[in-house]
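Visitor: I've got a new structure to look at and would love a tour. Let's start with the picture.

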Amino acid sequence: MTAPARSAVADLHLHSHHSDGLLSPAALMRLAAERGVGTAALTDHDTTEGCDEAAAACAAAGLRFVPGVEVSAGWDGLSLHVLGLGVDAASPALDAHLAEVRALRRERLAEIGDRLERRAGLPGRELVDGVCAGTAVPTRLHLARALVALGHARDEADAFKRFLGRGTPGHVPMAWPGIDRAIAALRAAGGVAVLAHPHRYGASGGALRRLVGAFRDAGGQGLEVSMAGMSPRDRDRLATLARGHRMLASTGSDFHDPALPWNPPGRFDKLPADLDHVAATL
Ligand code: AMP
Ligand code: MN
Ligand code: MN
Ligand code: MN
């Protein structure tokens, strides 16, 4: 008897509770399997901590596992996210880079807490202390959830709009390590570097083309082209950029929270047939 064919759906962008996701790596991978995913990458922000647990859960559920990470990086004043796919989670070069970024995250959160205290009259320092006590990778999403829990915001999007996003009292401009360093660390760990959600940086036409060119020149190999909730126009734009720059294309949900119905694992459109899927190279 032959084994059933594995689903062709590759969700290469998933978060667990090791960063700002809510599920354990094992629960996350079981959910991905239930949702029809055939290949899954764990891509927590700035940590590979959950990869061993996720690998074991994937083996049990019949999924192909790709160890990954989503690294915070800077370029031309923008804060960007770079996915590393197929990384060696034990790589000392990657580990050192991620430790540096996590230290910057903690400094940033402390500064956000100060600003919320001074400018918005919120108990910012206490909120930040609570967040940092509970995670090795403190993100603004943790802080958004804490603001919602205390009744200062309606939901997470509201917390970003009023307290955490650009132009709000808690906004802190960041100087993350540049994309060249992020890409070098990922490649040193044997990973493929993919620019995450290029449509979400607020960069229009020319700026986005420059960004993708700089990303590729720094050794970046792929672009996220199809994601949950993306408009067909954005997908077409990103597919065109991937084609024009001869880059690999990736698919992913950016799943964090089972209570949010719009981006469950595996929900995104197929790539245009002429693009090369990064999953085929891993
Ligand atoms: P950070 O990496 O600390 O800047 O936190 C950003 C994280 O917050 C992202 O990875 C998303 O998961 C989440 N996020 C960003 N913007 C929003 C928003 N407007 N509403 C809800 N979540 C958001
Ligand atoms: Mn996140
Ligand atoms: Mn991201
Ligand atoms: Mn993400």
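Visitor: What volume does the second largest pocket have?
Guide: Ground rules first: this is a predicted model, where local features need pLDDT of at least 70 and side-chain atom pairs count only at pLDDT 80 or more, while totals for chains, interfaces and linings use all residues. Residues are numbered from 1 along each chain as its sequence is written, chains are lettered from A and ligands numbered from 1 in the order in which they are written, and side-chain values use heavy atoms, leaving out hydrogens and water. A pocket is an open set of points on a 1 Å grid over the protein atoms alone where a 1.4 Å probe fits, with protein on both sides within 12 Å along at least five of seven lines; points are joined across faces, edges and corners, and the volume is the space filled by probe spheres set on them. For the second largest pocket that volume is about 180 Å³.

Visitor: How do the residues lining the second largest pocket divide by class?
Guide: A lining residue has an atom within 4 Å of a pocket point, and here the lining includes Ala-8, Thr-251, Phe-268, Lys-270 and His-277. Ala, Val, Leu, Ile, Met, Phe, Trp, Tyr, Cys and Pro count as nonpolar, Asp, Glu, Lys and Arg as charged, and the others, Gly among them, as polar. The split is 5 nonpolar, 3 polar and 2 charged.

Visitor: And the largest pocket: which residues lie nearest its centre?
Guide: The largest pocket has a volume of about 1300 Å³, and its lining holds 14 nonpolar, 13 polar and 12 charged residues. S3, S4, helix H3 (92–120), helix H5 (140–149) and helix H6 (156–164) each supply at least two of the lining residues; helices (H or I, at least four residues) and strands (E, at least two) are DSSP runs, numbered from the N terminus. Of the 39 lining residues, those nearest the centre are His-81, Arg-140, Phe-160, His-197 and Arg-200.

Visitor: On to the metals: which residues coordinate the manganese ion (ligand 4)?
Guide: Donors are N, O and S atoms within 2.8 Å of the metal (3.2 Å for Na, K and Ca), and water is not among the atoms, so sites may look incomplete. Along the chain, the donors of ligand 4 are spaced H-x1-H-x54-E-x183-D. At 2.1 to 2.2 Å, they are His-13 (NE2), His-15 (NE2), Glu-70 (OE) and Asp-254 (OD).

Visitor: How many residues apart are His-13 and Glu-70?
Guide: Both donate to the manganese ion (ligand 4). That pair links distant parts of the chain, with His-13 in strand S1 (residues 10–14) and Glu-70 in strand S3 (residues 64–75), and the separation is 57 residues.

Visitor: Is His-13 buried or exposed?
Guide: The cut-offs are relative accessible area under 20% for buried, over 50% for exposed and partly exposed in between (1.4 Å probe, protein chains only). With 0% relative accessibility, His-13 is therefore buried.

Visitor: Which residues are the protein donors of the manganese ion (ligand 3)?
Guide: Their spacing along the chain reads E-x10-H-x115-H. They lie 2.1 to 2.2 Å from the ion and are Glu-70 (OE), His-81 (ND1) and His-197 (NE2).

Visitor: How far apart are the manganese ion (ligand 3) and the manganese ion (ligand 2)?
Guide: From the manganese ion (ligand 4), the manganese ion (ligand 2) is 4.4 Å away. Between ligand 3 and ligand 2, the distance is 5.5 Å.

Visitor: What is unusual about the phi of His-197, and what is its value?
Guide: His-197 sits in the loop between strand S5 (192–195) and helix H8 (205–217), and its 5% relative accessibility makes it buried. Although His-197 is not a glycine, its phi is positive, at about 25°.

Visitor: What is the phi of Asp-254?
Guide: Asp-254 lies in the segment after strand S7 (248–252) and is buried at 8% relative accessibility. Asp-254 is not a glycine either, yet its phi is positive, at about 60°.

Visitor: Last stop, S5: what is the handedness of the crossover from S5 to S6?
Guide: Strands pair if DSSP finds at least two bridges between them; S5 pairs with S4 in the antiparallel sense over 4 bridges. S5 also pairs in the parallel sense with strand S6 (residues 222–227), over 2 bridges. The chain goes from S5 through H8 to S6 in a β-α-β crossover. Right-handed means that, with the strands pointing away from the viewer, the path from the first strand over the helix to the second runs clockwise, and this crossover is right-handed.
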